[in-house]
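Welcome! Please open the structure in your viewer, and we will walk through it one selection at a time.

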Amino acid sequence: MSATAAKKPTVSLVISVWNRKDDLRDNLRAIAAQTVPADQVIVVDNCSQDGTPEMVLAEFPWVQLIRMPHSQYGACETFNVGFASAHGEFVGILD
């Protein structure tokens, strides 16, 4: 196989969020505008109360949303939940 015909590696992006709806919207819009799209985008919501998960479901149906049952998890735990769902050869962390 030639270098130009080489398979493109797959990329998963993991975002951990808590009550940052507007920032997350901006982030997801920027991800959607990339010339080379990610193969998977995972948002792990730490039980936001500001409408964050509802916004993701309504505006970004291509995003995999994971809702934590309460907000007592730390960032390391929520990122690990996202990593466990990632299937890309490379995983990007967006915070």
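**A first look around**

Start by selecting the whole protein chain and showing its surface: about 5800 Å² is exposed, and carbon and sulfur atoms supply 56% of it (areas from the Shrake-Rupley method with a 1.4 Å probe). Keep in mind that this is a predicted model, in which local features need pLDDT of at least 70 and side-chain atom pairs count only at pLDDT 80 or more, while totals for chains, interfaces and linings use all residues. Residues are numbered from 1 along each chain as its sequence is written, and side-chain values use heavy atoms, with hydrogens and water left out.

Now switch to a cartoon view. You will find three helices and four strands (DSSP runs, H or I of at least four residues for helices and E of at least two for strands, numbered from the N terminus). Follow the protein chain from the N terminus and the order is β-α-β-α-β-α-β. With the C-alpha trace shown, the span along the principal axes is about 50 × 25 × 20 Å.

Next, select strand E4, residues 90-94, where Ile 93 sits. Is Ile 93 buried or exposed? Ile 93 counts as exposed because its relative accessibility is 52% (buried is under 20%, exposed over 50%, partly exposed in between, with a 1.4 Å probe and protein chains only).

Finally, add Phe 83 and Val 91 to Ile 93: together they make a nonpolar surface patch of about 240 Å². Such patches take residues with over 30% relative accessible area and no salt bridge, joining nonpolar side chains (Val, Leu, Ile, Met, Phe, Trp, Tyr) within 5 Å and like charges within 9 Å; a salt bridge is a side-chain nitrogen of Lys or Arg within 4 Å of a carboxyl oxygen of Asp or Glu.
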